Amino acid sequence: MRRKEELNSIIEICPVRNVIARFGNKWALLVVLVLSEHDKVRFNELGRLIPDVSSRVLSGTLKTLEADGLVSRKIHPVVPPKVEYKLTDTGRSLVPLIIQLTEWAQNNLKKIVKHRKEFEAQEAKA
């Protein structure tokens, strides 16, 4: 029987937990899609392209994507500092999968919403 520490280390190397779970942040996939439509994007421009994300959340999302190697950040030594973000090759390889997921969501949204309403109605009766 494995000790708890060993089981935790197995969980830590699980691809689902360590890669896919990073997209639990609802903004990560959107940031990747927006960056895929541009060669380079500055922080404020990215904020304008995704107007309902706060600067703090956008900054954290970009740091996470950079840490995972999906986004690269380039700082230009000018005053004021100019920082540009762009997708890495790994980030670009994710885009077709996000597009497939988006298409799936669009194709199934009505069914999903219908099932949610039915489920909520059943829960209200119980």
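Axes here are lines fitted to C-alpha atoms, for helices over the stretch in contact. With that in hand, let's look at some close-ups of this predicted model.

**Figure 1. Helices H3 and H5 cross at roughly 75°.** Helix H3 covers residues 28-36 and helix H5 covers residues 55-67. Their axes come within 10 Å. Angles from 65 to 115 degrees count as roughly perpendicular, so H3 and H5 are described as roughly perpendicular to each other. On the H3 side, the contact is made by Ala-28, Val-31 and Val-32. H5 brings Leu-58, Thr-61, Leu-62 and Leu-65 to meet them. Sorted by class, this contact has six nonpolar residues and one polar residue, with no charged residues.

**Figure 2. Arg-92 and Asp-89 form a salt bridge in helix H6.** Side chains of opposite charge can pair when their charged atoms come close. The closest N and O atoms of Arg-92 and Asp-89 are 2.3 Å apart. Where do the two residues sit along helix H6? They are three residues apart, so about one helical turn separates them. Are they buried or exposed? Asp-89 is exposed, with a relative accessible area of 60%, while Arg-92 is partly exposed at 44%.

**Figure 3. Glu-118 and Lys-114 pair up in helix H6.** Their side chains meet in a salt bridge, with a distance of 3.4 Å from N to O. Glu-118 and Lys-114 are four residues apart, which is about one turn of the helix. Glu-118 has a relative accessibility of 35% and counts as partly exposed.

**Figure 4. Arg-73 and Glu-66 form another salt bridge.** Here the closest N and O atoms are 3.4 Å apart. Arg-73 is partly exposed, with a relative accessible area of 42%. Glu-66 is partly exposed too, at 28%. How many salt bridges does the structure hold? There are four, and the Arg-73 and Glu-66 pair is one of them.

**Figure 5. Glu-84 of strand S3 is buried.** Strand S3 spans residues 82-87. Buried means under 20% relative accessible area, and because Glu-84 has 12% relative accessibility, this residue counts as buried. Which side chain shares a polar contact with Glu-84? The partner is His-76, at 2.8 Å. Leaving aside neighbours within four places in sequence, Glu-84 is in contact with several residues, including Lys-40, Val-41 and Arg-42. Ser-72, Arg-73, Lys-74 and His-76 also touch Glu-84, and Arg-73 is the residue whose salt bridge with Glu-66 appears in Figure 4.

Conventions
Residues are numbered from 1 along each chain as its sequence is written. This is a predicted model: local features need pLDDT of at least 70, side-chain atom pairs count only at pLDDT 80 or more; totals for chains, interfaces and linings use all residues. Side-chain values use heavy atoms; hydrogens and water are left out. Buried means under 20% relative accessible area, exposed over 50%, partly exposed in between (1.4 Å probe, protein chains only). Axes are lines fitted to C-alpha atoms, for helices over the stretch in contact, and angles run from 0 to 180 degrees between N-to-C directions. Angles under 35 degrees count as roughly parallel, over 145 as roughly antiparallel, 65 to 115 as roughly perpendicular and the rest as oblique. Contact means heavy atoms within 4.5 Å. Ala, Val, Leu, Ile, Met, Phe, Trp, Tyr, Cys and Pro count as nonpolar, Asp, Glu, Lys and Arg as charged, and the others, Gly among them, as polar. A polar contact is a pair of N or O atoms within 3.5 Å; within protein, one must be able to donate a hydrogen and the other to accept it, and residues adjacent in sequence count only if both atoms are side-chain atoms.
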